[in-house]
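Take a look at the sequence and the structure below. This short report covers a metal site first and charged side chains second.

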Amino acid sequence: MGIGEKKPLALFTQIEEMVEWLASFGKSQSNGVTRQLYSKEWQAAQQAVEKRMEEAGLRAYYDDVGNLFGRLAGRQENASTILTGSHIDTVIDGGKYDGAYGIIASLIAVEYLYKHYGLPRKNIEVVSLCEEEGSRFPMTYWGSGSIAGIKSFADIQDLKDANGMPFVEAMRQAGFGQGKYPQPRRDDLDCFIELHIEQGEVLEREGKSIGVVSHIVGQRRYNVTVIGESNHAGTTPMGWRKDAMHTAAELIQVLMQRAKETSPELVTTVGQMSVEPNISNVIPRKVTFSMDIRHSDEQVLFEFCEAVCKEFKLITSKHHTEFSIYNWMNEKPVKMCERLNKISESILGREGIPFKKMTSGAGHDSQVFGQFCPTSLLFVPSHKGISHSPYEFTRTEDLEKGIQLLIKVLYELAY
Ligand SMILES: [Zn+2]
């Protein structure tokens, strides 16, 4: 029996209710959500999801870092596991959809499949990942990284939050990290599927309902320091100056221009700058600024950064200043699974749902899973691209299209 033969479920009300339900754990004064790793709000949300999993007929269990799973065991002996879900933690005063939507969608989809088709061949597990954002401790992807075995307790030993609370102590107080639960590392995963809001406005602007992500972009981050000479703003003729700010301004201008010329997909941002001595009537001696550069092709990223660096040298010497550059982050692009993406694309094509093959400019748990097992990341539109904000919004009909797709993908993979 094909899945199209069942009458479509009216998911609308259920989705809206569940979005509000999950957002009620950690609701902020501005109607946003603050649910930081191992906090009271975080614990309440995980417990609520756990209860919801059990009600849906799934076997709920935690691992030792606090990832929560709802398992629908497959009929096949020694079946592998299809994992689907997203992260439960939020940034401070974040929105109702980032992370939460992936969990809600997976819960609804698996409950629907179980109700209509019984037990699958393969195991399906809904996952509510404990941490992705890095908004409490200086650590991102703690949940997915622990499952993939690229993060371990050694990585968190010395970490503290802004109030001085050690990571290990916060984890212990929430009941984890003491060997009470199974170790997080998994070796039975068939694949991971994550439904997430786009957090950009490409889908909305182009009138597409679903984004099928081919790559999560690579990111390089640098600090650039320009050294000149401080001097009097009134008595130093323009030609005699070693003005670190004038140099920095030209470097940034060139950086932006080259980015536009290189590829429509390449993005670069200078979001941080410091000036010394930072006085209005003194020529700046030192300017430091950040560079964030992203693209889905490692080669393009590499060549762009090399070329920009060369040009920076020429410009700084023209201005009789000096510069240094420090590369402190270098994350490679991660490719999503083509086979899984094709399944989504053919379902969407068959049903006439407008979709876009795209890259993700933001990081997600899928970039960790993508290096570990076949992974598919699917986007639904974000209104005006607003995210990490109480104003984050996706229309329920778009949320529903994502869930309908997930139901069908899981059906093809697991039944
Ligand atoms: Zn997210």
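How are the donor residues of the zinc ion spaced in sequence? The pattern is H-x10-D-x97-H. Keep in mind that this is a predicted model.

## The zinc site

Three residues coordinate the zinc ion: His87, Asp98 and His196. Each histidine uses its NE2 atom, while Asp98 uses OD. The distances run from 2.0 to 2.2 Å. Asp98 and His196 link distant parts of the chain, as they are 98 residues apart. Asp98 sits in the loop between β3 (81-87) and α3 (100-117). His196 belongs to strand β5, which covers residues 189-197.

Are these two donors buried or exposed? Asp98 has a relative accessibility of 4%, so Asp98 counts as buried. His196 is at 1%, so His196 counts as buried too. The reason is the cut-off: buried means under 20% relative accessible area.

## Asp292 and its arginine partners

The whole structure holds 27 salt bridges. One of them joins the side chains of Asp292 and Arg221, at 3.1 Å from N to O. Which parts of the chain does this pair tie together? Asp292 lies in strand β12 (residues 286-295). Arg221 lies in strand β7 (residues 218-227). The pair therefore ties together parts that are 71 residues apart in sequence.

The two side chains are not equally covered: Asp292 is buried, with a relative accessible area of 13%, whereas Arg221 is partly exposed, at 23%. Asp292 also forms a salt bridge with Arg294. Here the closest N and O atoms are 2.8 Å apart. In this second pair, both Asp292 and Arg294 are buried.

## A partly exposed pair and a network

Arg395 and Glu397 form another salt bridge. Their closest N and O atoms are 3.6 Å apart. Why do both residues count as partly exposed? Partly exposed covers values between the buried limit of 20% and the exposed limit of 50%. Arg395 has a relative accessibility of 40%, so Arg395 falls in that class. Glu397 has a relative accessible area of 38%, so Glu397 falls there as well.

Salt bridges can also join into a group in this model. Which residues are linked in a network? They are Arg71, Glu125, Arg186 and Asp188.

Definitions and conventions
Residues numbered from 1 in each chain as written. Predicted model: local features only at pLDDT ≥ 70, side-chain atom pairs only at ≥ 80, totals over all residues. Heavy atoms only, no water. Donors = N, O, S within 2.8 Å, 3.2 Å for Na, K, Ca; no water. Helix = DSSP H or I, 4+ residues; strand = E, 2+ residues; numbered from the N terminus. Buried < 20%, exposed > 50% of the residue type's maximum accessible area, 1.4 Å probe, protein only. Salt bridge = Lys/Arg side-chain N within 4 Å of Asp/Glu carboxyl O.
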